[in-house]
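Trainee: Could you take me through the aromatic rings in this one, slowly? I'd like to see how they pair up and where they sit.

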Amino acid sequence: MFLHVALALASLRQAGATSMKMDYLRLTNVRTDPITHPGGLSTHVHSFYGSSEAAPSTTYKKLRKAAGNTANVEENKSLYWHPTIYRYDKRRGRFTVQNTSYFSTYYIWPTGETTAFPDGFKMIGGGAGTLADSRPEADCSNPGPCPDGDCERWNDFFPATTCGELEMSMLMPSCWDGANLDSADHRSHVAYPKRGEADGKCPKTHPVRLPQIAVFTRIAPYLGGVHLFSDGTGYFHADYFSGWKAKKLQKVLDRCENDFMFSASNGWCEDHVTFRDAPKDEEIEDDELREKLVPLQPPAFEATAISDEAVDDVPSLPGENEPLVNPTPRCAEQGSKKACKALRYSDTEFPLGGKFGERRACEWTADYEDDEDGDEDEEDEDEDRRLEDEKEKRCIAKDACGELKSKKKCKKHGAASRCARAAVASRASARKH
């Protein structure tokens, strides 16, 4: 019945483009998961956002009746969670929770072609095996040095350097089989659209288009050093339990249109939903945005009602998760000219295909600027050589995608490095935090 009704409604609507941004503060960090472990503790700690329900036995009815909500949209009673982020202190041998500054979801959809999440809908997105579609990213703003000069890291997601802010993002599946609110693995009833695009074609097995949820979470400041998720990996995944009234969300999906088919910081649909932190302001800074959310927060969540185990400043990850230490080599970590020049694209985080994979990925160079005029006498050249010898040389990454000079080569040899997605990158660059 779900599938028949959803497809019939979609055929009557006409498409536009819409993005709706909603912001949240963290509800709690606790080792529970209402989707995968409704009867007890989960395998790792999660950070929760949204409706003030996070117990293993959480149901759609409980989400709707929850007394509080960390979100800024009144009608959105949904619950979102991802593995908690930890930093490992090698000196002390302890794992400490890195609390997020704030969390956002961008709902992105073709107006008039999209079906609301049915009441009680659940799904998991992202993680290992979905990287091409879920597009996990960790964007470091105002990068600084590694703490104490130690650039060790245990995975490819979290940088070893400090950052003014680390913004992490990923995409959830947005194609549905039209029949099941959940599935045994909590993934099979949904799928990613073609190229992971919000308006990409859905597979025949999952023909019903849902709003794409782009998940963003942030740490500010980010201290650098060894970071990992609570499951011991660097793979970003997230869980979603819809708390919307499907009929209300459907009206928003049908009526709001703002021409943003990407994560737009100034796309809100404020005429269609109730923003608790209104009025919305395009010029607002992150700190101001967060401060506006603080008075909206529910009372402190009693995580001890679920589990009294310690989850912060612990000698091992809760749930007995062993860290997976398997970072891909990066140019910036190569300390010698020989190691720098030996690194090939096929061995790095930008694994170009074909003959391009065997090209050098890095350049050993001094950190200095050439004379812009280009007019140097012999004495100046001698002085420049002397200064260059004195400067500390370093290994820097070359432009992997720049090696591919045609669209055909880009698609064939650069897919794993996302070189074929220049249009997406250019649109994302216009996005504010």
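**A close look at the aromatic rings**

Mentor: Let's start with one ring: Tyr-240 has a relative accessible area of 1%, so Tyr-240 is buried. Keep in mind that this is a predicted model. Tyr-240 has a partner, Tyr-80, which counts as buried too, because its relative accessibility is 2% and buried means under 20%.

How do you describe such a pair? You give the distance of the ring centres and the angle of the planes. The structure holds 20 aromatic pairs, so let's look at a couple of them. Take Tyr-49 and Phe-103: the ring centres are 3.9 Å apart and the planes are at 5°, so this pair is stacked. Tyr-49 belongs to strand β3 (residues 46–50) and Phe-103 to strand β7 (residues 103–109), so their pairing ties together parts 54 residues apart in sequence. Both Tyr-49 and Phe-103 are buried.

Now back to Tyr-80 and Tyr-240. Their centres lie 5.1 Å apart with the planes at 35°, so that pair is tilted. Tyr-80 sits in strand β4 (residues 79–83) and Tyr-240 in strand β16, so here the parts tied together are 160 residues apart in sequence.

Then zoom out a bit. Ring pairs link these four into a cluster, along with others including Tyr-24, Tyr-107, Phe-117 and Trp-244.

For contrast, try Tyr-235, in the loop between β15 (226–229) and β16 (237–241). Tyr-235 has a relative accessible area of 35%, so Tyr-235 is partly exposed. Together with Leu-131 and Leu-324, Tyr-235 makes a nonpolar surface patch of about 260 Å².

Conventions
Residues are numbered from 1 along each chain as its sequence is written. This is a predicted model: local features need pLDDT of at least 70, side-chain atom pairs count only at pLDDT 80 or more; totals for chains, interfaces and linings use all residues. Side-chain values use heavy atoms; hydrogens and water are left out. Patches are made of residues with over 30% relative accessible area and no salt bridge: like charges are joined within 9 Å, nonpolar side chains (Val, Leu, Ile, Met, Phe, Trp, Tyr) within 5 Å. Accessible areas come from the Shrake-Rupley method with a 1.4 Å probe; for residues, only the protein chains shown count as cover. A salt bridge is a side-chain nitrogen of Lys or Arg within 4 Å of a carboxyl oxygen of Asp or Glu. Helices (H or I, at least four residues) and strands (E, at least two) are DSSP runs, numbered from the N terminus. Buried means under 20% relative accessible area, exposed over 50%, partly exposed in between (1.4 Å probe, protein chains only). Rings of Phe, Tyr and Trp (its six-membered ring) pair if their centres lie within 6.5 Å; planes under 30 degrees apart count as stacked, over 60 as edge-to-face and the rest as tilted.
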